[in-house]
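Here's a quick tour of a single fold, strand by strand and charge by charge. Have a look at the model first, then read on.

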Amino acid sequence: MYVNRSAPHGTIYAHEGLEVVLVGAAFDQEVSMAFLGDGVFQLKQAQDTKAIGTKNFAGAYRALADYDVTQLYIEMESLEERGLTVEDLMPLTYEDEEDDDQEKSSITLIDRASLGQLFEAQDVIFNF
């Protein structure tokens, strides 16, 4: 599991984390991602980086489904603490091959306690 705690801009952590996820997925690793703290801003819609002069890499999250990365866990409390709702996030979806290619959301809202249990069930956790 890749845990994203950093805001999308201001450091390299979010961008590098996404690149590591895509590399792992390209090598057929089972990949899931969790977004908590300021990491929830990584999935916010309509990011505009012109004023800060950095590359906007947010569109790359739409490629996750192409790499079979379809388990994105968003901590509900982190969204609420930052004044965000799930409607503020990019609509990230995938086609479920086991369900006649039905389009489904990759995003799962999870509470803090359940996220802790999910962490305990992981073999490997990478933090960004």
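Is Asp 99 buried, partly exposed or exposed? With a relative accessible area of 32%, Asp 99 is partly exposed. Keep in mind that this is a predicted model.

## The hairpin and its salt bridge

Asp 99 pairs up with Lys 104 in a salt bridge, and their closest N and O atoms sit 3.1 Å apart. Lys 104 comes out as partly exposed too, because its relative accessible area is 29%.

The setting here is a hairpin made by β4 and β5, with five residues between the two strands. The strands run antiparallel and are joined by four bridges. If you want one bridge to look at, take Thr 93, whose partner in β5 is Ser 105. In the turn, Asp 100 has a positive phi of about 50°. Next along is Asp 101, in the loop between β4 (93-96) and β5 (102-105). Asp 101 counts as partly exposed because its relative accessible area is 43%.

## A negative patch

Both of those turn aspartates, Asp 100 and Asp 101, belong to a negative surface patch. Also in that patch are Glu 95, Glu 97, Glu 98 and Glu 103, along with Asp 28, Asp 66 and Asp 68.

## The open sheet

Now for the parallel part. Five strands make an open sheet in the order β6-β3-β2-β1-β7, and the pairing is parallel. The edges are β6 (107-110) and β7 (126-127), each of which pairs on one side only. As a general reminder, strands of a sheet pair through backbone hydrogen bonds, either parallel or antiparallel.

Zoom in on β2 and β3 and you'll find residues 33-35 running parallel to residues 72-75, with three bridges between the strands. Phe 35 has Ile 74 of β3 as its bridge partner.

## Salt bridges around Arg 112

How many salt bridges does a search of the whole structure find? The count is six. One of them links Glu 75 to Arg 112, with 3.0 Å between the closest N and O atoms. Glu 75 is in strand β3 and Arg 112 is in helix α3 (residues 112-120), so this pair ties together parts that are 37 residues apart in sequence. The two partners are covered to differing degrees: Glu 75 is buried at 4% relative accessibility, whereas Arg 112 is partly exposed at 38%.

Arg 112 also meets Glu 81 in a salt bridge, at 3.1 Å from N to O. Since Glu 81 lies in helix α2 (residues 76-81) and Arg 112 in helix α3, the contact ties together parts that are 31 residues apart in sequence. Glu 81 counts as exposed because its relative accessibility is 53%, the cut-off for exposed being over 50%. Through shared partners, salt bridges join Asp 38, Glu 75, Glu 81, Arg 82 and Arg 112 into one network.

## Helix α1 and a distance

One last stop is Val 23, which lies in helix α1 (residues 13-26). Is Val 23 buried, partly exposed or exposed? Its relative accessibility is 48%, so Val 23 counts as partly exposed, given that exposed means over 50%.

For a sense of scale, compare Val 23 with Ala 34: they are 11 residues apart in sequence, and their C-alpha atoms are 17 Å apart in space.

Technical notes. Residues are numbered from 1 along each chain as its sequence is written. This is a predicted model: local features need pLDDT of at least 70, side-chain atom pairs count only at pLDDT 80 or more; totals for chains, interfaces and linings use all residues. Side-chain values use heavy atoms; hydrogens and water are left out. Patches are made of residues with over 30% relative accessible area and no salt bridge: like charges are joined within 9 Å, nonpolar side chains (Val, Leu, Ile, Met, Phe, Trp, Tyr) within 5 Å. Accessible areas come from the Shrake-Rupley method with a 1.4 Å probe; for residues, only the protein chains shown count as cover. A salt bridge is a side-chain nitrogen of Lys or Arg within 4 Å of a carboxyl oxygen of Asp or Glu. Lys and Arg count as positive and Asp and Glu as negative; His and the chain ends are not counted. The place of a charge is taken as NZ of Lys, CZ of Arg, CG of Asp or CD of Glu. Buried means under 20% relative accessible area, exposed over 50%, partly exposed in between (1.4 Å probe, protein chains only). Two strands pair if DSSP finds at least two bridges between them.
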